[in-house]
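Colleague: Please take a close look at one part of this model for me, and then carry on to its wider surroundings. I would like the residues and the geometry in one connected story.

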Amino acid sequence: MSTDPGGRSPRGTAQGKGKEAPELAAQVKQGSLPAVKERLPATPMVITPLEETGRYGGQLNLLGLAETVDVNTTLGYENLVRWKPGVDTDLTADQVIPNVAEKVEASADGAEYTFTLRRGMRWSDGRPFGADDILFWYEAVASNRELTPIPIDWLVIDGEPFTVEKVDDHTVVFRFPQPNGLFMVNLATQRGTVITDFPAHYMKQFHPDHVADIDDVVKGSDSDTWIDLFLSKANRAENPERPVIDAWRLTSAISDSGRPVAERNPYYWKVDQDGSQLPYLDSVAFDLVQDPETAVLKATNGDFHLVDVGINQIRNKPVFARSREKAGYDFFETIPQQMNQMILMVNLTHKDPALREIFANRDFRIGLSHAINRQEIINAVFQRQGEPWQAAPRPESPYYNEKLAKQYTEYDLDVANDFLDKVLPDKDAGGIRLRPDGEKLFFQVEVTTSFPDLIDALELVRAHWRKVGIDMRVKSEDQSLFFERMEANAHDACVWIGGGGLGATMDPFYYMPYNFNTRYAMSWYYWYFDPDDKRAEEPPPETRRQIAMYREMLSTGDQQRQHDLMRQIMDIAVEQFYCMGIALRKREYGIVANDLRNTAKVAVTGWLHANLMPENPQTYYFVEQ
């Protein structure tokens with residue numbers, strides 16, 4: 001691996017291991033820092049390194065693509081509970097373990113959860129972390145309709161709010177009006193990070209519930225309102241003075257530096273099996289790069305010690321393979337949470353009654369699916385990686401459904417025409433199918449310019465559909481416009497990447513209407529959350545059955561019942577066939593420096609899993625080569 005632009009070794013020098021990093025031991029000796037025993041909680045969390053006990057020292061260089069950094073998946077992910085380390089693709093409550101909370105107790109019905117926090121745990125400025133911080137989040141943030149205009153969906157059951165009670169300085173109780181069956185798994189995802197992310201002693205000075213002259217505070221800042229001020233001060237990426245409970249703390253705002261650095265938190269509350277305070281690495285640096293091409297070049301030069309997102313597309317793997325020996329890195333395997341390279345959705349709740357009737361006809365969608373030559377797309381766009389696959393959970397998922405995954409994926413123009421003829425038998429002189437009103441069928445499929453591979457794939461689909469009399473145009477647009485049009489239900493059809501491959505209970509949107517990703521039927525999604533919403537439209541009976549089952553699943557703590565209900569939801573999804581997939585996302589890859597140790601050989605990646613954070617990067621360390 002190369003040195004950074006300043007000529008410094010990006011690793012630094014690993015040093016012999018005591019109970020704390022040598023630099024911190026020196027501060028203790030000078031009297032500027034309390035002893036390590038005083039900085040750790042009474043019962044620190046013990047992390048056993050994946051391979052071996054590490055050594056202190058060194059700097060980890062990471063990529064900040066598009067000049068941004070996701071602190072939750074690089075520095076943070078310190079929730080009350082967390083996912084177990086290791087490869088387990090269930091993403092169910094069985095895989096959730098305590099983290100910030102030393103102990104969790106759930107009531108028999110799953111409506112009450114008691115969290116015992118770690119006595120003596122501290123923020124990075126040395127101030128105590130405890131129940132008051134959780135209570136501040138609940139009262140000042142989650143319950144404040146200015147900061148949180150819409151109640152947090154996974155914490156609300158049938159529209160009824162939850163409560164949080166402080167029992168003592170180290171105990172809090174979450175209570176729900178009825179069982180919240182998915183509370184623990186949602187809490188382990190990035191959704192749960194917010195609960196432990198507000199240092200009350202620091203954030204109170206920017207909140208009107210705790211400051212009488214908040215207007216004067218706002219006037220003395222660069223913000224226009226107290227809300228803007230509060231959110232800017234809470235932003236870990238842009239406010240380095242804000243205390244954290246992460247292993248490393250930023251020394252500058254991401255936007256203020258071309259190479260921001262996060263340094264060791266002296267009050268970090270985890271230790272290795274020998275009782276030595278983590279992390280092993282002194283610091284983490286982010287090389288902010290604007291475009292993917294430059295990022296790939298820097299990676300092949302060995303400028304990054306670890307890459308798991310951003311530039312690890314299939315098309316780049318041959319490039320990385322050619323450079324791995326000289327640059328000193330190798331590959332590791334990743335299992336993406338996502339299940340499909342591209343999901344194609346026609347709008348089943350289209351505002352045009354004629355298009356709505358056509359799109360809502362299942363035979364039409366089946367015909368379109370059979371007309372897609374998926375293997376050609378896989379070969380031409382996705383580097384021959386994957387197999388024909390509908391919108392269905394991954395093979396590793398406990399909710400894998402073979403019929404849902406493979407139905408209607410055979411490329412057969414005769415079969416496609418048979419189904420399409422049932423719906424639109426008439427064609428014009430050019431062979432384009434006519435709508436029931438006699439107009440030529442034409443529609444656009446919208447795609448964001450953020451996904452060039454999907455644009456290429458859509459152009460092939462356009463040619464495939466033309467062979468069966470379907471006139472479709474690809475409409476690429478900026479992502480902000482794309483989201484705006486989807487929210488307004490203004491689209492004919494669209495494509496997106498395929499989430500819900502793992503963690504289907506938390507992200508079921510391709511299998512039933514659930515959230516804003518339900519772009520095949522936005523009006524049904526609005527109905528799911530609020531039937532009185534003026535944008536809402538009641539779904540058909542079978543879809544309402546799914547929604548009823550999902551709500552039952554949310555309100556039971558019985559995991560077997562949850563599994564049974566989710567499988568029934570999948571069975572209905574088979575018959576409804578809401579949207580079309582193209583290709584299964586096969587296991588993918590990341591790159592890691594040869595001298596970086598305790599890294600996973602196989603890891604689950606994705607938003608719900610917080611990428612590699614469950615694999616304990618606090619135990620990464622460099623060996624001398």
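**A covered helix and its surroundings**

Modeller: Happy to. The buried residues of α17 pack against two helices, α16 (479-487) and α18 (541-554); here buried stands for under 20% relative accessible area, exposed for over 50% and partly exposed for the range between, with a 1.4 Å probe and protein chains only, and a contact is a pair of heavy atoms within 4.5 Å. This is a predicted model, in which local features need pLDDT of at least 70 and side-chain atom pairs count only at pLDDT 80 or more, while totals for chains, interfaces and linings use all residues. Residues are numbered from 1 along each chain as its sequence is written, and side-chain values use heavy atoms, without hydrogens or water.

Helix α17 spans residues 522-529, and 7 of its 8 residues are buried, so it is mostly covered. The elements come from DSSP runs numbered from the N terminus, with helices (H or I) of at least four residues and strands (E) of at least two. The covered residues of α17 are Met522, Ser523, Trp524, Tyr525, Tyr526, Trp527 and Tyr528.

How do α17 and α18 meet? Their axes come within 12 Å and cross at roughly 40°. That angle makes α17 oblique to α18. Axes are lines fitted to C-alpha atoms (for helices, over the stretch in contact), with angles from 0 to 180 degrees between N-to-C directions; under 35 degrees is called roughly parallel, over 145 roughly antiparallel, 65 to 115 roughly perpendicular, and the rest oblique. The crossing of α17 past α18 is right-handed, a label for a near helix turned clockwise from the far one by less than a right angle, with left-handed for anticlockwise. On the α17 side the contact involves Trp524, Trp527 and Tyr528, which meet Thr543, Arg544, Ile547, Tyr550, Arg551 and Leu554 of α18.

A second helix pair is worth setting beside this one. Helix α11 (residues 362-370) and helix α14 (residues 413-423) have axes that come within 8 Å and cross at roughly 155°. The two helices are therefore roughly antiparallel to each other, and α11 passes α14 in a left-handed crossing. From α11, Asp363, Phe364, Ile366, Gly367, Leu368 and His370 make the contact, and from α14, Val415, Ala416, Phe419, Leu420, Lys422 and Val423.

On to the sheets. An open sheet of 5 strands runs in the order β17-β16-β18-β15-β19, with mixed pairing. Its edges are β17 (471-477) and β19 (580-581), each of which pairs on one side only. Strands count as paired if DSSP finds at least two bridges between them. Strand β16 (residues 442-448) is joined to β17 by 7 bridges in the parallel sense, and Phe442 stands opposite Asp471 of β17.

The loop between α19 (559-576) and β19 holds Phe577. The phi of this residue is near 45°, a positive value although Phe577 is not glycine, and its 2% relative accessibility makes it buried. Most residues other than glycine have a negative phi, and most peptide bonds are trans. Asn598 also has a positive phi without being a glycine, at about 65°. It sits in the loop between β21 (596-597) and β22 (602-605), and it counts as buried at 0% relative accessibility. As for cis bonds, the peptide bond from Leu278 to Pro279 is cis, with omega near 5°; Pro279 belongs to the loop between β11 (270-272) and β12 (283-289).

What about cysteines? A search of the whole structure gives 0 disulfides, that is, no pair of cysteine sulfur atoms within 2.5 Å. The sulfur of Cys494 lies 9.3 Å from the closest cysteine sulfur, that of Cys579, which is too far for a bond. Cys494 is buried at 0% relative accessibility, and Cys579 is buried at 4%.

One more sheet rounds off the tour. This open sheet has 4 strands in the order β5-β6-β8-β7, with antiparallel pairing. The edge strands β5 (101-106) and β7 (163-168) each pair on one side only, and the twist averages 20° from one strand to the next. Strand β8 (residues 171-175) is linked to β7 by 5 antiparallel bridges, and Arg175 in β8 is the bridge partner of Thr163. Helix α3 (residues 131-142) packs on this sheet, touching β6 (112-117), β7 and β8, with its direction at about 160° to that of β7.
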